[in-house]
There are 2 protein chains.
Amino acid sequence: MSIEAIASAVPQRRETAAEIARQTGVDEAFIADKVGIQYRHVLGPDETGIDLAEAACRRLFDRTQLKPEDIGTLVFVTQTPDHPIPHNSALLAARLGLPHRCAAFDVGLGCSGYVYALSIAEGFLAINEIEHGLLVTCDPYSKIIAAEDKATNAVFGDGATATWLRRTGNRTKLGICDFGTDGANGKAIMVPAGGAKSPFVSLPHEATLVYDRNELRLHMLGRDVFNFVMNRIPESIHTCIAANKLSLESIDWFALHQGSRYMLFAMADRVGIAREKLPVNIDRYGNTVSSSIPMLLEELMQTADLRGRKIVISGFGVGLSWATNVLSFKH
Amino acid sequence: MSIEAIASAVPQRRETAAEIARQTGVDEAFIADKVGIQYRHVLGPDETGIDLAEAACRRLFDRTQLKPEDIGTLVFVTQTPDHPIPHNSALLAARLGLPHRCAAFDVGLGCSGYVYALSIAEGFLAINEIEHGLLVTCDPYSKIIAAEDKATNAVFGDGATATWLRRTGNRTKLGICDFGTDGANGKAIMVPAGGAKSPFVSLPHEATLVYDRNELRLHMLGRDVFNFVMNRIPESIHTCIAANKLSLESIDWFALHQGSRYMLFAMADRVGIAREKLPVNIDRYGNTVSSSIPMLLEELMQTADLRGRKIVISGFGVGLSWATNVLSFKH
C-alpha cells in the first residue's frame, strides 16, 4: 500500500500566542517558547470536525486524480466525533458522495492514531482487495476545552487531514510497526464524563442538568504525559528502526507527534536526532492530535524531493498509546 | 485467520417484558411479541461497559488456552465507551494485564461492528504478523436511554463479547465481505449531543448546564430503520453469497443482527431463509448492538457440531452501515 497524497485543512479563525495568553492567563513567552505555538487555528462556533474533514478531502480531490466514486474504504480517526452516534465516517461518506458500497468506520485513537490507522487501512485494503482508501484525521479539541483552561487550552489547535491510500501503489512503503499501550496511565489524558454515571440512571426524570462542565472537559496531567513520552518513545523509535534493519543515521526525517516544542526537542535529544531532521509545525498549528504527523508529511511531500528517502513516523499520547513506523519513498 | 472461541457476559440485573412495559408504558404484548424480548439484562448504576467487557474476556480466558500475555492486538468495538477519551481498549488492556507491546484500538461502529471488525482484525494481524488477537464488543445502550423512553427502551439490552482470533488458526475461515454505508440516513439512529455545539464555545463561563438530557439520549426513527433493513440487507446477503460462489441452500445458519423479532423475521422472509436456519437471542437479551452476532455464534459453537458448516453473518444499523460475510468451519 502506498501513500499517494495528503491534504490538510485548518479553520479560518486564527489565534496568536498573545491571544491564547489573554484567554488562559498563561504567560505569552511560555506559550510561544515552551509550548512552541506562534499561532493556531480554532473552529468557529458553527463549525464541526466533519466540516473541517470535508474541507481536507475536497482539497485532496482538487489536487489529485482521486475521485469520490473510486473510494472503497473510508477510515476516520477521531475521539471527538460530531456525535457519539453515528460515526463520523458514515456522515462524511454521505457529504463526499462516496459509493454506498464503501466500507466506512471510525478508529478511536488520539495522537497515535495516524500511525495505527495506516496499518489498519493497509491490512483492510489488502484482505478485502480494495484499491483506494481515504484516511481522515480530525480531533477538534477546541470543542472539549474551556477558553480559560490553563493546562490544556495553551497546547492544542484544530486541524484535519485526508490521505489517499492505494493498495497497489508503490510511491511509498510502510515498514514494520512498533505498537504499544499503557492503559494503566490512561487517565493522564482524559474526558471524565461517562463511566458508570449515566444521566438516565443516576438522576430523577425531571432533571435537565446532566453533566458538570468540568466532566466534559479535557483533563491532562502534563508531567505524567511528559514522563511517558520520555520513557517510552525513544525506545519505540530505536526498536522500530532495528526491526526494519536500519540505523538512526539512515533516516532522513523524523515526523514525530507535536505534543509541545519543549517535549519534542527533549525527546528527540534523548534519541539522538539532529534538529535538521526534525520537522516542526506546532509553531503554526499547535498540537493537532492525530493530524500532526500527516500535516508534517504533507509539507515534506510538497517541499522536498523524497525519492529514496526514509521518514520515521511516531505518534504517542491518549491511551496512553504509541506507534512508530518507517515510511520509505521509492527511488 | 480463525475464530478460535467466543465468550459473552451480561449484567446480573435482569428485566422481564412486564418490567420494561411498566418503565416505558409500552404494551407488554408488543414488547414480548413484536420486539420479541422476554427478558434482557441491564447494567447497574455502578457498572460500566468496560466492567462487562472484562467479564467476557475473563470467561474466555477461563474456557480456553488463551493467556493475556499472548495477546498482540486488542480491538474494542463500541460507540458508547466508558469515557470519550481515552479509548476503552487501552483501559481494558490494563485491566486484563495485556503486554505493553499490545496494539489496542477502538472501532467506532454499531450493529455492523462485529462483521466489520473481523475484517479489520484479520487484515491487521496479517500485515503485522501478530498471532493472537482479542476482539471485544460492548455498547451498553442502557446508559444512553431514559427509562421512560418508549421508542428505544423497549428494544435494547446490555451485553459484551470477547472473541479469540488466531492468525494461523484454521478452525474457521472468513469469506469475501459485502460492506455498505448510507450516511445520508445516519440520523435514523443518533445521539444528537455534540456537533457544532460545545459547552465551552456556546455557553458563558459560569454555566454548568451543558446539555439537555434529550440531546444525550439515543434517538431512533423506527420506520426509517425498518425500511433501510428491508431494502438493503436482503441484497447484501444475496451479493455476499454470490461473491463467495455459494447458494442460499448451502448456508447452514444465518446469524443476523437482532434488531427486533418482527424485523428479523420480515427481512429473513424476504431473503427466503427458513426459520430453522435463523438462530434467535433477542428473546433473552434484547438488541445488544454489536454483541448480538457473536452471542449467536457463541451459542452455536457450544450447542452444534459446526464441522464443515457455513454461517452467514450480517450486521446492520447505526451509520447507517452494514456488513455481511460467510464464516466457514473446517471439516
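G108(A) has its bridge partner in β5(B): D106(B). That pairing belongs to a strand-to-strand match across the two chains, with β5 of chain A (residues 103-108) and β5(B) running antiparallel over three bridges. Keep in mind that this is a predicted model. For the complex, the predictor reports an ipTM of 0.96 and a pTM of 0.97.

Now for the rest of the contact between the chains. On the chain B side 77 residues take part, and they meet 76 residues of chain A. Six elements of chain B each bring at least two residues to that side: α4 (88-96), β5 (103-108), α5 (113-128), β9 (178-181), β10 (189-190) and α7 (199-202). The top contributor is α5(B), with nine residues. Sorted by class, the chain B side comes to 43 nonpolar, 23 polar and 11 charged residues.

One of those elements, α4(B), deserves a look of its own. Is this helix enclosed or open? Eight of its nine residues are buried, so α4(B) is largely enclosed by the rest of the structure. The buried ones are N88(B), S89(B), A90(B), L91(B), L92(B), A93(B), A94(B) and L96(B). Both chains help to cover them: chain A with elements including β9 (178-181) and β14 (321-329), and chain B with elements including α3 (49-63), β4 (73-77), β5 and β6 (132-138). Right after the helix comes G97(B), which has a positive phi, near 70 degrees.

Turning to chain A by itself, there are two domains: domain 1 covers 2-170, and domain 2 is made of 178-185 + 218-329. Their C-alpha centres are 18 Å apart. Where they touch, domain 1 of chain A puts in 39 residues and domain 2 of chain A puts in 35 residues. On the domain 1 side, the elements giving two or more residues are β1 (2-9), α2 (28-35), β3 (39-41), α5 (113-128), β6 (132-138), α6 (150-153) and β7 (160-166) of chain A. With five residues, α5(A) gives the most to that side. The class split there is 21 nonpolar, 14 polar and four charged residues.

Here are the two contact sides by residue class.

| Contact side | Nonpolar | Polar | Charged |
|---|---|---|---|
| Side of chain B that touches chain A | 43 residues | 23 residues | 11 residues |
| Side of domain 1 of chain A that touches domain 2 of chain A | 21 residues | 14 residues | four residues |

What about the overall build of chain A? Its secondary structure adds up to 11 helices and 14 strands. The radius of gyration is 19 Å, close to the 20 Å that the globule rule gives for 331 residues, so chain A is as compact as a globular protein of that length. Along the principal axes, the C-alpha trace of chain A spans about 65 × 50 × 35 Å. Of the 331 residues in chain A, 58% count as buried. Among contacts in chain A with a separation of 6 or more, 80% join residues 24 or more positions apart.

Finally, a word on confidence. Chain A has an average pLDDT of 94, and 96% of the residues score at least 70. Which stretch of chain A falls below 50? That is residues 202-208, and beyond near neighbours in sequence this stretch has eight contacts in the model.

Note on methods: Residues numbered from 1 in each chain as written. Chains lettered and ligands numbered in written order. Predicted model: local features only at pLDDT ≥ 70, side-chain atom pairs only at ≥ 80, totals over all residues. Contact = placed C-beta atoms within 7 Å. Helix = DSSP H or I, 4+ residues; strand = E, 2+ residues; numbered from the N terminus. Nonpolar A, V, L, I, M, F, W, Y, C, P; charged D, E, K, R; others polar. Pairing = 2+ DSSP bridges. Domains from an automatic or database assignment. pLDDT = per-residue confidence, 0-100. Buried ≥ 20, exposed ≤ 12 C-beta atoms within 10 Å, placed from the backbone. Rg over C-alpha atoms; globule rule 2.2 N^0.38 Å.
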